[in-house]
Amino acid sequence: MQKTLRITEIFYSLQGETRTSGLPTVFVRLTGCPLRCQYCDTAYAFSGGQLMSLEAILERVAGYRPRYVCVTGGEPLAQPNCIPLLKHLCDAGYQVSLETSGALDISAVDRRVSRVVDLKTPGSAELARNRYENIDELTANDQVKFVICSREDYDWAVAKLIQYRLDERAGEVLLSPSHGQVDARALAEWIVADNLPVRLQLQLHKILWNDEPGH
């Protein structure tokens, strides 16, 4: 295993999002992202980082003795060696998730991985980067996420939910209010009013630690 990845950080905390929210998880944050979403809260991962071998990454992860591992970014799939990293993590017996922007091809990702795929709303400023071919790759092990910046974003997300039958393709459809742009209670009320087959997602790490590093 001589392959390397550029890593921004590896840390142990509670998962703040997705179906495993609240569970102790090791996060492996890869460096670099081709997108520039206007609400991005991990811009520090755009550059820098440290080159690490797959062996060193796996050793660091194993030191925490985790059950859950989340590979995130940046955009993890921008580094080709993310694919073998995900496979090795699954082979090691962890429950593995991948947080991806939805702009890059997910088809090569190990099916044991729960792929958390964004669909970028108009308010993200990266609408044109959506790779809709990824929708055909979704399974019940995967999750689709919308970050909602406005009522217009919500209506757009509902249209895509219906158009692509996302609740039938993926195990979870997650709607998350963009921090400081949409009131979480308002989003909750919209979801209830429309009786949507989706889960409201709040970012637990922002509530508990206000985005302090290492959480």
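Reader: Why is Cys 82 called buried?

Author: This is a predicted model, and in it Cys 82 has a relative accessibility of 0%. Buried means under 20%, so Cys 82 counts as buried.

Reader: How do you know that Cys 82 is in no disulfide?

Author: Look at the sulfurs. The nearest cysteine sulfur to that of Cys 82 belongs to Cys 70, and it is 10 Å away. A disulfide needs the two sulfur atoms within 2.5 Å, so this pair doesn't make the cut. Cys 70 is in no disulfide either, and the structure holds 0 disulfides.

Reader: And what makes Cys 70 buried?

Author: Its relative accessibility is 0%. With the cut-off for buried at under 20%, Cys 70 counts as buried.

Reader: What makes the protein chain as compact as a globular protein of its length?

Author: Let's start with what it's built from: the protein chain has 6 helices and 9 strands. Its radius of gyration is 17 Å, and the globule rule gives 17 Å for 215 residues, so the chain is as compact as a globular protein of that length. Along its principal axes, the C-alpha trace spans about 50 × 35 × 30 Å.

Reader: How much of the protein chain counts as buried?

Author: Of its 215 residues, 51% do. As for contacts with a separation of 6 or more, 70% of them come from residues 24 or more positions apart. The chain exposes about 10,000 Å², with carbon and sulfur atoms supplying 49% of that.

Reader: Thr 121 lies in a loop. Why is Thr 121 called buried?

Author: The loop runs between strand E6 (114-118) and strand E7 (143-148). Thr 121 has a relative accessible area of 0%, and buried means under 20%, so the label fits Thr 121.

Reader: Which residues does Thr 121 touch?

Author: Leaving out residues up to four places away in sequence, Thr 121 touches Leu 127, Phe 146, Val 147, Ile 148, Cys 149, Asp 153 and Trp 156.

Reader: What about Leu 161, at 5% relative accessibility: why does that count as buried?

Author: The cut-off is under 20%, and 5% falls below it, so Leu 161 counts as buried. Leu 161 lies in helix H3 (residues 151-164).

Reader: How do you know that Leu 161 touches Val 198?

Author: Contact means heavy atoms within 4.5 Å, and Val 198 is among the residues that Leu 161 touches, along with Leu 166, Asp 167, Val 173, Leu 196 and Pro 197. Leu 161 and Val 198 are 37 residues apart in sequence, with their C-alphas 9.1 Å apart in space.

How values were computed: Residues are numbered from 1 along each chain as its sequence is written. This is a predicted model: local features need pLDDT of at least 70, side-chain atom pairs count only at pLDDT 80 or more; totals for chains, interfaces and linings use all residues. Side-chain values use heavy atoms; hydrogens and water are left out. Buried means under 20% relative accessible area, exposed over 50%, partly exposed in between (1.4 Å probe, protein chains only). Helices (H or I, at least four residues) and strands (E, at least two) are DSSP runs, numbered from the N terminus. The radius of gyration is taken over C-alpha atoms; the globule rule is 2.2 Å times the number of residues to the power 0.38. Accessible areas come from the Shrake-Rupley method with a 1.4 Å probe; for residues, only the protein chains shown count as cover.
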